[in-house]
Every structure is written in C-alpha cells, then in structure tokens.
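Hi,

Here is the structure I said I'd pass along. Have a look, and my notes follow below.

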Amino acid sequence: MQQALHRSSLVPRGFVVESACYEGDKAVITVRASGSFGLCPSCGTVSRRVHSHYRRRVTDLPLSERIVQLVVIARRFRCDAVLCGRQIFTERFSDGILAPSARRTARLDSLVHHLGLALGGRPAAGFAKRLMLPVSKDTLLRVVRRRHRPPADPLKVIGIDDWAWRRNHRYASIICNLERRRVVTLLPDREPATAQAWLAAHPTITVVARDRGGRYGEATAKALPHAVQVADRWHLMENASRAFLDAVRKSMRQIRTVIGATTIDPKLLTAAERLQYEGYLRREETNAVILALSKNGIPIKQIVRQTGHSRKLVRQVIRGERQDVFRTRQSSLDQHLPWLDDQWAAGCRNGLNSGAT
Ligand SMILES: [Zn+2]
C-alpha cells in the first residue's frame with residue numbers, strides 16, 4: 001500500500017510546514033505549531049489569545065545532503081488568569097521536540113550527543129561535517145556535558161589521589177565516587193588546604209580511600225574527623241610489589257646461584273637481561289675455547305698468545321670465575337659483611353666505637 005509523503009512528516013512532530021526553499025546550500029523550512037493554544041508556564045492556564053508572532057531559527061536533521069534550517073513561527077500568548085503575574089508568554093514546545101531557547105531540534109541534539117559520547121570532540125566534529133551536521137568540537141563537548149546529569153544521592157565513599165595535568169610538571173587532585181565509579185571533581189592542585197576545603201564542604205562523606213602519603217590523610221582528618229580513612233587497594237599493591245621487587249633485586253645473586261644458569265628461558269627475560277644473556281653466550285664460547293686448550297695441557301702463556309685474550313681473563317676462565325650469567329656490580333661493602341655480622345652478633349651496634357681501626 002502506497003502512502004503520500006507529506007512535507008510535514010519531514011519536520012519534527014507537532015509542526016506544520018508553511019513553506020520550504022533553498023537558501024544557498026541550505027534547505028530552509030518554515031514551520032508553525034499545529035496546536036491552537038499555549039500553556040502559561042507560570043500558572044498552567046490554557047490560552048488561545050495570540051499576542052504576536054516571532055521567528056526562531058533552529059537547525060534540524062539534514063535532508064538530501066543539505067543542512068536544514070527550520071524557521072519556527074512561534075506565538076506569544078496572553079495569560080488571562082486573574083492571579084497570574086505573567087501577562088504574556090511565549091509558545092513552548094515539549095523538550096522531546098524543541099527545548100526552550102535551543103538552537104537545535106531535540107532529535108538533532110540527541111544525534112550530536114551520541115556522536116560526542118562515541119567519538120569525543122574533535123573526531124566527532126570531523127564526522128559530523130560529513131553527515132552535514134554543522135557542529136564544532138566545542139559544541140559537541142558542551143552537549144555531552146549539558147546532558148550529563150550528576151547523581152543526586154549524597155556522596156559517601158570517595159577516593160582521592162594525585163592526578164597529572166602534565167606528568168612530572170603539574171599535578172592536581174582527583175576525587176572519585178567509589179560507589180558509582182565516577183569522577184566527582186578535579187581540584188586545581190594537590191595542596192592539603194585545597195583538599196581540606198573541598199572535603200569540609202561535603203560532610204556526607206564517611207569513607208575516604210587515599211594513598212599512603214600523609215597529605216590527604218591530614219586534610220581528611222581536619223575536614224572530616226569522623227570519616228574512616230583507608231589505604232586504597234592500588235596503592236597497597238603498588239607499595240607491596242615495590243618492596244617485594246626491592247627485596248628480590250637485593251638477593252638476585254644468591255637467587256641465581258641457587259636456581260643455576262641452566263634454568264634461563266630467554267623468552268622470559270627483560271630487554272636489558274637479554275643483552276646480558278647474549279653477552280653471557282659470547283663469554284661461554286670464549287670460555288669453551290680457552291678451557292679446551294687448557295685441558296690439552298697448553299700453558300697459560302701460550303693460550304694468551306694463541307687466543308689474543310688477556311692473561312687475567314684466561315686465568316679467570318681456567319679458575320672458573322667467569323660463569324655468571326648476569327654480572328652484578330660487586331658492592332665495596334660485600335667483602336666486609338662477614339666481619340660486620342660478627343660484630344653485630346657480638347653486641348657491638350655503635351658504628352663510632354666499633355674498634356674497626
Ligand atoms: Zn499564567
């Protein structure tokens with residue numbers, strides 16, 4: 001069954017097309033509301049008494065590869081209610097069609113909103129241009145922000161932490177609602193006084209998760225003395241993992257001795273360790289040559305001459321002192337450690353009169 005395509009079916013619901021024409025690269029469609037009355041926004045009284053007309057220009061969805069401008073002929077009504085302070089009011093349309101003082105129809109605004117959400121300001125602006133939607137990147141961001149309704153329930157559980165405007169240069173503080181997993185606000189710096197002022201203005205907060213530094217703790221204690229302070233999981237994990245890695249790094253030599261060089265899997269090494277490992281493989285080749293010569297009873301002097309390696313190196317190889325995979329720098333303290341241990345065990349704990357001289 002075929003149905004005629006009416007001009008009015010192209011414009012938002014509730015409008016009737018008066019005329020349509022092309023103006024340059026735009027389609028300009030003049031419309032008026034199909035209803036015959038207005039509702040006073042102050043008292044809700046129905047009025048049919050038209051005071052005057054005025055024109056509103058709003059952008060609508062594109063049509064046939066053209067930007068569409070709607071010229072809405074809107075009315076001003078008189079309010080006849082005796083007790084209403086308003087004498088004249090302008091015609092309102094429902095928010096789902098055309099919001100008061102909006103410059104885009106609701107259906108276009110919704111499209112702009114979704115584009116902004118999906119792509120962000122600049123990429124969405126580029127895409128919108130291709131779709132014949134005349135919006136700038138700033139407009140896209142503004143629409144996303146305008147349509148974002150902050151939750152109305154009181155803030156109870158928050159997290160506060162450093163946030164970098166520019167890493168290593170300028171820092172701010174970020175505050176998140178941990179129940180809703182949303183950012184609440186950014187404070188311009190990470191001064192305790194700034195955080196304290198913000199926290200004091202939000203007395204509904206009962207739990208504050210923070211890092212283990214003292215600044216936010218101090219601010220919270222002053223602003224919200226009854227709030228529970230907890231170390232947040234990320235910082236606990238971060239601190240624990242750093243402590244663990246420190247401990248492992250310090251005992252790396254012992255650990256490698258215990259697990260032995262045969263257990264190395266090159267795939268599991270870091271880039272730096274892989275370089276060291278490749279060096280180790282080269283050293284092993286040299287070692288094998290020198291050891292083979294030495295096993296055949298060739299004196300060190302001759303091995304030095306034959307291989308071109310230094311006398312010191314050849315001697316190290318023969319003594320088995322050149323087999324470390326990862327060569328760690330020897331601390332100058334290492335050779336004194338047994339002596340220090342003895343002193344400590346003997347109860348001598350003062351470095352000044354330890355009698356080391
Ligand atoms: Zn009224």
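Let's start at Leu199: setting aside neighbours within four places in sequence, its contacts are Ile205, Ala219, Thr220, Ala223 and Leu224. Before you read on, bear in mind that this is a predicted model.

Leu199 also turns up in the largest nonpolar core, which has 13 residues; Leu199 is one of those touching the most other members, along with Ile160, Ile205, Val208 and Leu224. Strand 8, helix 4 (192-200), strand 11 and helix 5 each give two or more residues to this core, and helix 5 has the largest share, with 3. There's a second, separate core too, of 11 residues, and Val11, Phe15, Ile29 and Val72 are among them.

Now the sheet. It is open, has 5 strands in the order 10-9-8-11-12, and its pairing is mixed. Strand 10 (182-187) and strand 12 (228-231) sit at the edges, each pairing on one side only. On average, neighbouring strands are turned by 30° against each other, ignoring direction. Helix 5 (residues 214-223) packs on this sheet, where it touches strand 8 (157-166), strand 11 and strand 12, and its direction makes about 165° with that of strand 11. Strand 11 (residues 207-210) runs parallel to strand 12, joined by 4 bridges; Val207 has Val228 in strand 12 as its bridge partner.

Finally, the hairpin: strand 1 (residues 15-23) and strand 2 (residues 26-33) are antiparallel, with 8 bridges. Ala20 is bridged to Ile29 in strand 2, and Ile29 belongs to that second core as well. The turn has 2 residues between the strands, and Gly24 there has a positive phi of about 65°.

Cheers

Note on methods. Residues are numbered from 1 along each chain as its sequence is written. This is a predicted model: local features need pLDDT of at least 70, side-chain atom pairs count only at pLDDT 80 or more; totals for chains, interfaces and linings use all residues. Two strands pair if DSSP finds at least two bridges between them. Axes are lines fitted to C-alpha atoms, for helices over the stretch in contact, and angles run from 0 to 180 degrees between N-to-C directions. Two residues are in contact if their C-beta atoms, placed from the backbone, lie within 7 Å. A nonpolar core is a set of buried Ala, Val, Leu, Ile, Met, Phe, Trp, Tyr and Cys residues joined through C-beta atoms within 7 Å. A residue is buried if 20 or more other C-beta atoms lie within 10 Å of its own, exposed if 12 or fewer, and partly exposed in between; C-beta atoms are placed from the backbone.
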